[in-house]
Amino acid sequence: MMNDYFDQRARNWDGSPTRLAQTSDIFAALERQVALQPDWTALDYGSGSGLLTLALARRVAHVWAVDLSVGMMEVLMEKARAEGIANITTLVADFTREPLPDERFDLVTSALALHHIDDPPALLRGFRSLLQPGGMLAVADLDTEDGSFHGDNHHVRHFGFDRDELAARLTGAGFDGIKITTAAHRERGERTYTIFLATARAV
Ligand SMILES: C[S@@+](CC[C@H](N)C(=O)[O-])C[C@H]1O[C@@H](n2cnc3c(N)ncnc32)[C@H](O)[C@@H]1O
């Protein structure tokens with residue numbers, strides 16, 4: 001089960017300095033590409049322990065953190081409490097299997113979750129329906145890799161993504177103004193993997 005896998009890793013998720021650096025690089029790329037507004041409501045999908053969610057919560061009015069892992073959500077809530085961050089709504093959910101909420105958001109973000117999803121185009125369409133027209137999507141994930149990134153690929157559905165193909169999927173899901181930039185590098189052994197940030201506007 002996907003949630004067991006992430007539940008077991010939740011307590012140690014923030015123990016990796018490279019993961020912390022990766023998220024701060026992704027957030028820096030997000031800030032370069034999207035003019036975050038203090039009155040925005042955002043939704044961070046596959047929020048995990050909240051590395052991106054908490055950074056966002058300091059910059060916008062309200063953030064929904066959505067993840068299927070209860071363990072990850074517990075860690076996120078503990079961190080938010082410890083840091084006095086009170087503008088986060090948490091939701092344990094899997095939008096690939098459950099109905100989406102009726103709320104509409106100014107920004108949807110998702111970092112390193114898309115490669116765990118069976119049908120990314122369907123989820124991108126879901127993200128589009130969660131956004132107000134003109135709302136922004138920001139998705140970070142691995143560029144196409146050879147399957148060596150995770151080691152254990154049991155919960156991996158895609159070995160990264162091809163940027164041109166993703167751009168076409170975003171257009172098909174109802175986005176325009178698509179930009180895909182390199183957000184972070186991740187060293188593993190002798191290899192370097194790149195992580196992109198795709199930003200797009202809901203038509
Ligand atoms: C690689 S982690 C990334 C977590 C966080 N965004 C980060 O950058 O540290 C992927 C996260 O996506 C969540 N996830 C995987 N599949 C999901 C799904 N179908 N619905 C919601 N969350 C999912 C996992 O529970 C996990 O927390």
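**Exercise 1. Locate Asp164 and decide whether Asp164 is buried or exposed.**

Solution. Asp164 is found in helix α6 of this predicted model. Next, count the neighbours: 9 other C-beta atoms lie within 10 Å of Asp164. A residue with 12 or fewer such neighbours is exposed, so Asp164 is exposed. For a distance, take Ile180, which is 16 residues away along the chain; the two C-alpha atoms are separated by 9.1 Å. Finally, place the helix itself: α6 (residues 163-172) lies across β6 and β7 and runs at about 145° to β6.

**Exercise 2. State in which order the strands form the open sheet, and which strands stand at the edges.**

Solution. Seven strands make up the open sheet, ordered β3-β2-β1-β4-β5-β7-β6, with mixed pairing. The edge positions are taken by β3 (88-92) and β6 (175-188). Each of these has a single partner strand, so one side of each lacks a neighbour in the sheet. On average, neighbouring strands are turned by 15° against each other, direction ignored.

**Exercise 3. Work out how β4 is joined to β1 and to β5, and which residues stand opposite each other.**

Solution. Start with β1 (residues 41-45) and β4 (residues 105-111): they run parallel and are joined by three bridges. In this pairing, Ala42 is opposite Leu107, and Leu43 is opposite Val108. Move on to β5: β4 and β5 also run parallel, with six bridges between them. Val108 has Leu137 of β5 as its bridge partner. Val108 therefore has Leu43 opposite it in one pairing and Leu137 as its partner in another. As a last step, check burial: seven of the seven residues of β4 are buried, so the strand is largely enclosed by the rest of the structure.

**Exercise 4. Describe how β6 and β7 pair and what lies between them.**

Solution. The pairing of β6 with β7 is antiparallel and extends over 11 bridges. One opposed pair is Glu187 with Thr192 in β7. The two strands form a hairpin with two residues between them. In the turn, Gly189 has a positive phi of about 60°.

A positive phi also occurs in a residue other than glycine: Leu112, with a value near 60°. Leu112 is found in the loop between β4 and α5. Leu112 has 21 C-beta neighbours inside 10 Å, so this residue counts as buried. The helix that follows this loop, α5 (residues 120-130), lies across β1, β4, β5, β6 and β7 (191-202) and runs at about 145° to β5.

**Exercise 5. Find which residues have the most contacts inside the largest nonpolar core, and which strand gives the largest share of the core.**

Solution. The largest nonpolar core has 57 residues. Those with the most contacts inside it are Ile26, Val108, Leu137, Ala140 and Leu197. Strand β5 (residues 131-142) supplies the largest share, seven residues. Now follow one member, Ile26, leaving aside neighbours within four places in sequence: its contacts are Leu52, Ala111, Ala140, Ala183, Ala184, Ile195 and Leu197.

**Exercise 6. Identify what surrounds the ligand.**

Solution. The ligand is surrounded by 19 residues, and the closest are Phe6, Gly46, Gly48, Ser69 and Ala111. Elements giving two or more residues to this shell are α1 (2-10) and α3 (51-57). Sorted by class, the shell has 10 nonpolar, seven polar and two charged residues.

**Exercise 7. Characterise the contact of α1 with α4 and the position of Met2 in α1.**

Solution. First the axes: those of α1 and α4 (residues 70-82) come within 6 Å and cross at roughly 35°. From α1, Asn3, Phe6, Asp7 and Ala10 meet Val70, Gly71, Met72, Glu74 and Val75 of α4. This contact has five nonpolar, two polar and two charged residues.

Then Met2, which is found in helix α1. Met2 has 14 other C-beta atoms within 10 Å and is partly exposed. Apart from neighbours within four places in sequence, Met2 is in contact with Leu68, His116 and His155. Between Met2 and Leu137 the separation is 135 residues in sequence and 24 Å in space, C-alpha to C-alpha.

Notes:
Residues are numbered from 1 along each chain as its sequence is written. This is a predicted model: local features need pLDDT of at least 70, side-chain atom pairs count only at pLDDT 80 or more; totals for chains, interfaces and linings use all residues. A nonpolar core is a set of buried Ala, Val, Leu, Ile, Met, Phe, Trp, Tyr and Cys residues joined through C-beta atoms within 7 Å. A residue is buried if 20 or more other C-beta atoms lie within 10 Å of its own, exposed if 12 or fewer, and partly exposed in between; C-beta atoms are placed from the backbone. Helices (H or I, at least four residues) and strands (E, at least two) are DSSP runs, numbered from the N terminus. Two residues are in contact if their C-beta atoms, placed from the backbone, lie within 7 Å. A residue is near a molecule or strand if its C-beta atom, placed from the backbone, lies within 6 Å of it. Ala, Val, Leu, Ile, Met, Phe, Trp, Tyr, Cys and Pro count as nonpolar, Asp, Glu, Lys and Arg as charged, and the others, Gly among them, as polar. Axes are lines fitted to C-alpha atoms, for helices over the stretch in contact, and angles run from 0 to 180 degrees between N-to-C directions.
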